[in-house]
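Work through the exercises below with the sequence and the model open. Each task is followed by a solution in steps.

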Amino acid sequence: VFEHEFVHVLTLQKSSYNIPRWFTEGISTWEEEDPQSEVDRQLKWAWKNQRLLPLEDINSGFSQQSYPNQIGVSYYHASLVCKYINDKYGYKAIQEMLRLYREGKGNEEAIEGGTGRKISEINKEVKAYVDEYVRKIPISVPMEKKDMADLEATLKSFGLKGEKELDLAAAYVNHGENAKAR
């Protein structure tokens, strides 16, 4: 939490408080270097259902939630965008974007000025990057035997539906108990 909030201080000062929320949250979340595994399934759902926002509209994901936990997904998505820009165009691109925001430039001008590419091209690049990233997210996070036993007890008593049922089936597969996964 400290690193995240400290990076906000830096980006806000560097941009003279003229920075879109997606960019300050994206940089702060990316700089945490904290795996976002608790949001993986939601990111994958948003990706699969084509709910991740293009760069022209990415900021609205922080204020106009149109599906459950869109704000959490937006933090994660924005961090992936920032990581991509840094990895592909270098940290100088991030710094240039901060400078352009400080000068009052909008999202499109800052992104294009920082990367030297049209925003439509960056959208395609980011989409390809996120597609590759999300495909690597496992369907379910690994589950300990104790947690499996708890779910099995719930299954016997009340039944399971939706994500919990999928979690238990994936856990069986992860533990080599494929027959139970059916």
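**Exercise 1. The loop after the first helix**

Task: Find where Ser 16 is placed, and state the sign of its phi.

Solution. Step 1: Ser 16 sits in the loop between α1 and α2, where helices (H or I, at least four residues) and strands (E, at least two) are DSSP runs numbered from the N terminus. The model is a predicted one, in which local features need pLDDT of at least 70 and side-chain atom pairs count only at pLDDT 80 or more, while totals for chains, interfaces and linings use all residues. Residues are numbered from 1 along each chain as its sequence is written, and side-chain values use heavy atoms, with hydrogens and water left out.

Step 2: Phi of Ser 16 is near 55°, which is positive although the residue is not glycine. Tyr 17 lies in the loop between α1 and α2 as well, and Tyr 17 also has a positive phi, about 65°, without being a glycine.

Step 3: Assign the exposure classes, with buried meaning under 20% relative accessible area, exposed over 50% and partly exposed in between (1.4 Å probe, protein chains only). Ser 16 has a relative accessible area of 43% and is therefore partly exposed. Tyr 17, at 59%, counts as exposed.

**Exercise 2. Length and sides of α1**

Task: Check the length of helix α1 (residues 2-14) against its expected span, then say which of its residues are buried.

Solution. Step 1: The expected span of a helix is 1.5 Å times one less than its number of residues. The 13 residues of α1 should therefore span 18 Å, and the end C-alpha atoms are 18 Å apart, so the two agree.

Step 2: The buried residues of α1 are His 4, Val 7, His 8 and Thr 11. They lie on the same side of α1 because they cover an arc of only 110° around the axis, the arc being that of the directions from the helix axis to the C-beta atoms. An α-helix has 3.6 residues a turn, so residues three or four places apart point the same way.

Step 3: The cover over these buried residues includes α2 (21-32), α4 (70-89) and α5 (91-102), counted by contact (heavy atoms within 4.5 Å).

Step 4: Phe 2, Phe 6, Val 9 and Leu 10 make a nonpolar surface patch of about 400 Å². Patches are made of residues with over 30% relative accessible area and no salt bridge, like charges being joined within 9 Å and nonpolar side chains (Val, Leu, Ile, Met, Phe, Trp, Tyr) within 5 Å. Accessible areas come from the Shrake-Rupley method with a 1.4 Å probe, and for residues only the protein chains shown count as cover. Phe 2 is found in helix α1 and is exposed, with a relative accessible area of 63%.

**Exercise 3. Salt bridges**

Task: State how many salt bridges there are, and describe the one between Asp 87 and Lys 83.

Solution. Step 1: Side chains of opposite charge can pair when their charged atoms come close. The rule for a salt bridge is a side-chain nitrogen of Lys or Arg within 4 Å of a carboxyl oxygen of Asp or Glu, and the count by this rule is 12.

Step 2: Between Asp 87 and Lys 83 the closest N and O atoms are 2.6 Å apart. Both residues lie in helix α4, 4 residues apart, about one turn of the helix. Asp 87 is partly exposed at 47%, and Lys 83 is partly exposed at 30%.

Step 3: Glu 103 pairs with Arg 99, with 2.3 Å between the closest N and O atoms. Glu 103 is partly exposed at 47%, and Arg 99 is partly exposed at 27%.

Step 4: Arg 117 and Glu 121 also meet in a salt bridge, at 3.3 Å from N to O. Salt bridges that share partners join Lys 145, Glu 152, Glu 177 and Lys 180 into one network.

**Exercise 4. The chain as a whole**

Task: Give the helix and strand counts, the overall spans and the buried share of the chain.

Solution. Step 1: The chain has 9 helices and 0 strands.

Step 2: The C-alpha trace spans about 60 × 35 × 30 Å along its principal axes.

Step 3: Of the 182 residues, 41% count as buried. The accessible surface of the chain is about 10,800 Å², and 52% of that belongs to carbon and sulfur atoms.

Step 4: Among contacts between residues at least 6 apart in sequence, 62% join residues at least 24 apart.
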